[in-house]
Amino acid sequence: GSEAASSAPRPSSQMASQQTMGVAQPHVEHTPLLRTEDFTAEAGAETGPKQPSMKGKAGVAVLFAIAATAAVAGGVRSSIGGRSAASLKATDTDESADDSAISIQLDTDYTLRGDAAPGSDYPWMTYLLEPHKVTTASVVNGGSDSTFSWSFDGETKSGNSVDLQCKNADKYYTILVDEFDADGNKLGGTSVDAICKYVRREMRTLSDDDREAFFTAMEVIYGTSTDEGRATYGSQYKSAEDFIIIHNTLSGKLDCDHLHGGLGFLPQHAAMTLNFERSLQTIDASVSVPYWDYTIEGHAMTMANNSIEAWYLSRIWEDDWFGQYSPNGFAINEGRFAYLPVLQDAWKRSSVTNSYGLLRSPWNNNKIPYLTRHSK
């Protein structure tokens, strides 16, 4: 298991696609599911599950339930499917449209690498922009000698393709393009309305830059108090410590678990995830909370004769991600979350602590004042 920590100082250290039925699959070429170099078959083996080696194992558990519950907490999930072209584009054409008319297609770094367009599972969500992220709008079927003028959010741009960026989530933006001949005569035009919406992706499908942005913002939340953070980032900021107190208080009551039992489990965690995400966005407005599809690790175990060692090979537990799954001495001692402190003398802020005064449930009498994990 794992627990969260406080803000106290710490020691240093792709047009058409085959959809995957609503489940976002990792883009293996860019981010392997597991550290597959450690997963080898026995010599000459043609069939049967592969056996994992014990080399290079890295961690099991998340710092916070947020990463696992984000898929149900709002936003748009992104999925990946095969495609016959290099990327999937959202366009303003339909089956009855004139094939010779110009249209608009939208691309991001994700669609260009082969991912399905975000929201493509939802028929009402044809055109989507992600807040504070670049989307490239391009003309399809334009004349080779034509010029194009674009209008977006009060700005005008020119070119066959232009970069767009929305800033207000849940707002619709009109993307308009006009085509002109070499003499400046207007030949035609088209427009689409696109919604600006955050997209939540499985952790391993994130680009390196987006994953790093998420973790960097999360480090701030775990290392900066609410008062200090609000002075810097605004009133929507809330430290990890505050989320931990809410979670620990509701789940650690002696009468019953008020957070995980019954019908409250999903909506309460969805609400906490949304607020956690909003806090992250005060630090970096482009960030959204990813989710962890741990059935990937479950499948790896199945393919390894149900060996738990396959779970430990997950990239989730690399030092630059969530860290070690079972370090010596139990306290995370390497990576970005090394020696992340648990609030001490927590009775000053919370009605629920363990008997050592640490911000843990009463039945968790772990006295180590840092984030701990173990696999035993």
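T249 is buried in this predicted model, with a relative accessible area of 18%. That makes it buried because the cut-off sits at under 20% relative accessible area. You'll find T249 in helix α5, and its side chain has a polar atom 2.7 Å from the backbone oxygen of I245. Setting aside residues up to four places away in sequence, T249 touches S350, S351 and V352. There's also a spacing to look at here: the C-alpha atoms of T249 and L259 are separated by 9.0 Å, and these two residues are ten apart along the chain.

S251 is in helix α5 too. With a relative accessibility of 10%, S251 counts as buried. A polar atom of its side chain lies 2.6 Å from the backbone oxygen of H247. If you skip the neighbours within four places in sequence, the contacts of S251 are D257, H258, L259, H260 and W363.

Over in helix α6 sits T273. Its relative accessibility is 0%, so T273 counts as buried. The side chain of T273 reaches the backbone oxygen of H269 at 2.8 Å.

Here are those side-chain-to-backbone contacts side by side:

| Side chain | Backbone oxygen | Distance |
|---|---|---|
| T249 | I245 | 2.7 Å |
| S251 | H247 | 2.6 Å |
| T273 | H269 | 2.8 Å |

Now for the two helices themselves. How do α5 and α6 pack against each other? Helix α5 covers residues 240-251 and helix α6 covers residues 265-283; they pack at an angle of about 170°, and their axes are 11 Å apart. Angles over 145 degrees count as roughly antiparallel, and α5 and α6 are therefore roughly antiparallel to each other. On the α5 side, the residues that meet α6 are F243, I246, H247 and L250. Their counterparts in α6 are Q268, H269, M272, N275, F276 and S279. Sort the residues of this contact by type and you get five nonpolar, five polar and no charged. Two names come back from the table: H247 and H269 both belong to this helix contact, while the backbone oxygen of H247 lies 2.6 Å from a polar atom of the S251 side chain and that of H269 is reached by T273 at 2.8 Å.

On to the strands. One open sheet has five strands in the order β6-β12-β11-β8-β9, with mixed pairing. The edges belong to β6 (128-129) and β9 (155-158); each has a single partner strand, so one side of each is left without a neighbour in the sheet.

Start at the β6 edge. Two bridges join β6 to strand β12 (residues 186-196), and the pair runs parallel. Across that pair, L128 stands opposite I195 in β12.

Further along the order comes β8 (residues 147-152), whose side chains alternate. Which residues of β8 point to the buried face? They are F148, W150 and F152, while T147, S149 and S151 point to the other face and are not buried. Alternation like this is what a regular strand does, with side chains switching between the two faces of the sheet.

Strand β8 pairs with β11 (residues 172-180) through six bridges, running antiparallel. In that pairing, S149 has D178 of β11 as its bridge partner. Strand β8 is also joined to β9, by four bridges and again antiparallel, with S151 standing opposite T156 in β9. The β8 and β9 hairpin has two residues between the strands, and D153 takes a positive phi near 50° there.

Another antiparallel pair is β7 (residues 135-140) with β10, joined by four bridges. The bridge partner of A137 in β10 is V162. Strand β10 (residues 161-164) has V162 and L164 on its covered face, with S161 and D163 on the uncovered one.

D153 has company when it comes to positive phi. Phi of N305 is near 55°, in a residue other than glycine, and phi of N306 is near 60°. N305 lies in the loop between α7 (295-302) and α8 (309-312), and N306 is found in the loop between α7 and α8 as well. N305 is partly exposed at a relative accessible area of 44%. N306, at 57%, is exposed.

Technical notes:
Residues are numbered from 1 along each chain as its sequence is written. This is a predicted model: local features need pLDDT of at least 70, side-chain atom pairs count only at pLDDT 80 or more; totals for chains, interfaces and linings use all residues. Side-chain values use heavy atoms; hydrogens and water are left out. Axes are lines fitted to C-alpha atoms, for helices over the stretch in contact, and angles run from 0 to 180 degrees between N-to-C directions. Angles under 35 degrees count as roughly parallel, over 145 as roughly antiparallel, 65 to 115 as roughly perpendicular and the rest as oblique. Contact means heavy atoms within 4.5 Å. Ala, Val, Leu, Ile, Met, Phe, Trp, Tyr, Cys and Pro count as nonpolar, Asp, Glu, Lys and Arg as charged, and the others, Gly among them, as polar. Buried means under 20% relative accessible area, exposed over 50%, partly exposed in between (1.4 Å probe, protein chains only). Two strands pair if DSSP finds at least two bridges between them. A polar contact is a pair of N or O atoms within 3.5 Å; within protein, one must be able to donate a hydrogen and the other to accept it, and residues adjacent in sequence count only if both atoms are side-chain atoms.
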